[in-house]
Each structure stands twice: as C-alpha cells, then as structure tokens.
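Let's take a relaxed walk through this model, pocket to begin with. Have the structure open while you read.

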Amino acid sequence: TVGVVCCFFLRLLPCYSFSISPMIPETLPKLIVFDLDNTLWTPELYQLRKLRRGVNSHKPPQAGKEVELFPGTQRILEDYVPELLQKGVQLAVASRTTNVDWAFSLLQQFGLS
C-alpha cells in the first residue's frame, strides 16, 4: 500500500542529513520506482478485467470511478515529487499487469504521466 511505500521511504530519512525541505534528505537515490496496483491505486487491474467481461472489456477503467488513488498518494506525489525531480531523481512505475494500456490510461487520467 502507499503507507508501506511511505514508511519505507521515511525509515530511510534518519540515515541522511536534511535539506531545506525537512522531509527530503540531501543524499537521494538516483531512481524511485512506484508500484501501481495496491500501492498507488486500488483495485488491482486484474480484478477489473475479471469483472468487465463482454462489451466494456476493451475500454480502460475510469479514474475516480472504477479505480481510486489511495488516500495520501496524491499528497505524496504533489508534496515530494517536484523537489525530487528538481534534485535529479528519476521516477518510474512498475506493474505486473497484462493490461499495460489500462495502466498508461489511468496514469494519464490521474495526471501522473
């Protein structure tokens, strides 16, 4: 879940000296990878595929209706990602979904692409 990602990230913070922003350490990784299903959003995309048989099975799910960001996801992305990008940290997403087009569509719908 997002909480797990946050806790993992925050557990690393005491190991570093801090920058102007109290939550972003001065020493940063080169790459941070966010998992999609059950980390940034819910439900997992394979669960929707099973529910969407027939006419709508080819259409991507709708952000905010069929797929929701976990509470805190948007805040983390808005509060920390801009500074991380400014400091040269690259961001990536990972997913084991076979519905790659759905994942990209949702990233765009949520404004995360």
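The second largest pocket is lined by F34, L40, L77, V81, L85, L91, A92, V93, L107, G111, L112 and S113. Two elements, α3 and β4, give two or more residues to that lining. Its volume is about 220 Å³. A pocket here is an open set of points on a 1 Å grid over the protein atoms alone, with protein on both sides within 12 Å along at least five of seven lines, and a lining residue has an atom within 4 Å of a point. Grid points are joined across faces, edges and corners, and the volume is the space filled by probe spheres set on them.

A word on provenance: this is a predicted model, in which local features need pLDDT of at least 70 and side-chain atom pairs count only at pLDDT 80 or more, while totals for chains, interfaces and linings use all residues. Residues are numbered from 1 along each chain as its sequence is written, and side-chain values use heavy atoms, with hydrogens and water left out.

Zooming out, the protein chain has 4 helices and 4 strands, running α-β-β-α-β-α-β-α from the N terminus on. Helices (H or I, at least four residues) and strands (E, at least two) are DSSP runs, numbered from the N terminus. Of the 113 residues, 32% count as buried; that means under 20% relative accessible area, with exposed over 50% and partly exposed in between (1.4 Å probe, protein chains only).

Now for the core. The largest nonpolar core has 20 residues, and L36, W41, L45, V67, L106 and F110 touch the most other members. β1 (31-35), α2 (45-51), α3 (73-86) and α4 (100-109) each supply at least two of its residues, with α3 giving the most, at 5 residues. By nonpolar core I mean buried Ala, Val, Leu, Ile, Met, Phe, Trp, Tyr and Cys residues joined through side-chain atoms within 4.5 Å. Leaving out residues up to four places away in sequence, L36 touches W41, V93, A94, S95, A103 and L107, where a contact is heavy atoms within 4.5 Å.

β1 has an alternating pattern: I32 and F34 point to one face and are buried, while L31, V33 and D35 point to the other and are not. This strand pairs with β4 (residues 90-94) in the parallel sense over 5 bridges, and L31 has Q90 as its bridge partner there. Strands pair if DSSP finds at least two bridges between them. Over in α4, the buried residues are W102, A103, S105, L106 and L107. After that helix comes G111, with a positive phi near 75°.

Which loop residues are buried and which are exposed? Here are three, by relative accessibility:

| Residue | Loop | Relative accessibility | Class |
|---|---|---|---|
| N38 | β1 to β2 | 29% | partly exposed |
| R96 | β4 to α4 | 76% | exposed |
| N99 | β4 to α4 | 10% | buried |

N99 touches L45 and R49, again not counting residues up to four places away in sequence. The C-alpha atoms of R96 and D35 are separated by 8.9 Å, though the two residues are 61 apart along the chain. As for N38, its phi is near 60°, a positive value in a residue other than glycine. One last backbone detail is the cis peptide bond from T42 to P43, with omega near 0°; P43 is found in the loop between β2 (41-42) and α2.

Technical notes. On a 1 Å grid over the protein atoms alone, a cavity is a set of points where a 1.4 Å probe fits but cannot get out, and a pocket is an open set with protein on both sides within 12 Å along at least five of seven lines; lining residues have an atom within 4 Å of a point.
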